[in-house]
Amino acid sequence: MISDMYTKDIVKKYGFKFSKRLGQNFLIDNSVLEDIIDGANVSPDDVVLEIGPGVGTLTRELLKKAKKVYAVELDSTLIPILKEELREFDNLELINEDVLKLDLSELIKGESNVKVVANLPYYVTTPIVLKLLNENLNFESLTVMIQKEVGERMAAEPNCKEYGSLSVLVQYYCNIQIIRKVSSECFIPSPKVDSMVIKLTKLPAPSIKVRDKDLFFKIVRLSFNMRRKTLWNALKPLNIDKVELQKAFQNCNIDPKRRGETLSLDEFGRLSDFIYDLL
């Protein structure tokens, strides 16, 4: 059983001062920690990449279960605390770096059974997830605590306001499981919004097959840049002959008057494949 007091005790012991700039909110609810660990399903054969270990509450439990834990922490004032509190473990590699600037493929080079587990700062959640997915890193799953609104966007289906380019990106690469919602009262200091624990399981291959991945995502981004625009207007920056673009819409049976938030991943894929021949 994880103690609810562990995080508070460590913060008090070292007189740690929270940084608003770094978006530091430490989890203090043991039931949430246990759900993160259970959801991540870490085994003795697994290597874990933890982003933002804080004072090491989650790190300690991961170290008990995993073969090795790479913990990446940006705040240098937390490094001596982590070294002292986790000194009993020999399967920890602590990295004092900005994860967005770190060469993660080099860090986990040669490792297998890699799982990412993290309580992500809200202000960098999306950039970190984009980095992990777009760089095609060798990991099996990503189990993270994120802002509830961002989690809902990742899991959203077409025809709702939460559905957008982030939804398409995440669902292109992963299966999504919402593990639980988390109240703001489960953190110190308490943030102004609620959170969500979500698990992204990397698919062996993208959920749809497209001829040009970069073009596919460019069309997705254009389609959501101005949500009120029709697809016909949203895709004008592609500079495609109007007659040819009309044929593309007809061939994939998509009304150009529709808006991006109404298209499924399959429809975006079909449209990008037809447009590929026009460029």
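The sulfur of cysteine 160 lies 18 Å from the closest cysteine sulfur, that of cysteine 174, which is too far for a bond. With a disulfide defined as a pair of cysteine sulfur atoms within 2.5 Å, the count comes to 0 disulfides. Cysteine 160 is partly exposed, at a relative accessible area of 26%, whereas cysteine 186 is buried, at 10%. Here buried denotes a relative accessible area under 20%, exposed over 50%, and partly exposed the range in between, computed with a 1.4 Å probe on protein chains only.

The model is predicted, so that local features require a pLDDT of at least 70 and side-chain atom pairs a pLDDT of 80 or more, while totals for chains, interfaces and linings use all residues. Residues are numbered from 1 along each chain as its sequence is written, and side-chain values use heavy atoms, with hydrogens and water left out.

The protein has 12 helices and 9 strands. These elements are DSSP runs numbered from the N terminus, helices being H or I runs of at least four residues and strands E runs of at least two. The C-alpha trace spans about 70 × 40 × 30 Å along its principal axes. Of the 279 residues in the protein, 52% are buried.

An open sheet is formed by 7 strands in the order 4-3-2-5-6-9-7, with mixed pairing. Strand 4 and strand 7 (174–182) stand at the edges with a single partner strand each, so one side of each has no neighbour in the sheet. From one strand to the next the twist averages 20°. Two strands are taken to pair if DSSP finds at least two bridges between them.

Towards one edge of this sheet, strand 3 (residues 68–72) and strand 4 (residues 92–95) run parallel and are joined by 4 bridges. Alanine 71 has leucine 94 in strand 4 as its bridge partner. Together with helix 4 (residues 79–85), strand 3 and strand 4 make a right-handed β-α-β unit. A crossover is called right-handed if, with the strands pointing away from the viewer, the path from the first strand over the helix to the second runs clockwise. Helix 4 contains glutamate 85, which is buried at a relative accessible area of 9%. The C-alpha atoms of glutamate 85 and isoleucine 10 are 8.6 Å apart in space, although the two residues are 75 apart in sequence.

A second unit of this kind comprises strand 5, helix 6 (residues 125–134) and strand 6, and is also right-handed. Strand 5 (residues 114–119) runs parallel to strand 6, and 5 bridges join the two. Within this pair, alanine 118 stands opposite valine 144 in strand 6. Strand 6 (residues 141–147) is mostly covered, with 7 of its 7 residues buried. Strand 6 is joined by 7 bridges to strand 9 (residues 195–202), and these two strands run antiparallel. Isoleucine 146 has methionine 196 in strand 9 as its bridge partner, and serine 141 stands opposite threonine 201 in strand 9.

Serine 207 lies in the loop between strand 9 and helix 9 and is partly exposed, at a relative accessible area of 38%. The C-alpha atoms of serine 207 and asparagine 175 are separated by 8.7 Å, with their positions 32 residues apart along the chain.

The axes of helix 9 (residues 213–225) and helix 12 (residues 265–276) come within 9 Å and cross at roughly 115°. Helix 9 is therefore roughly perpendicular to helix 12. Axes are lines fitted to C-alpha atoms, for helices over the stretch in contact, and angles run from 0 to 180 degrees between N-to-C directions. Angles under 35 degrees count as roughly parallel, over 145 as roughly antiparallel, 65 to 115 as roughly perpendicular and the rest as oblique. The crossing of helix 9 and helix 12 is right-handed, a crossing being left-handed if the near helix is turned anticlockwise from the far one by less than a right angle, and right-handed if clockwise.

Most residues other than glycine have a negative phi, and most peptide bonds are trans. The bond from isoleucine 188 to proline 189 is cis, with omega near -20°; proline 189 is found in the loop between strand 8 (187–188) and strand 9. Asparagine 136, in the loop between helix 6 and strand 6, has a positive phi near 50° and is exposed at 59% relative accessibility. Asparagine 239 has a positive phi of about 55°. This asparagine 239 is found in the loop between helix 10 (231–234) and helix 11 (242–251) and is exposed at 69% relative accessibility.
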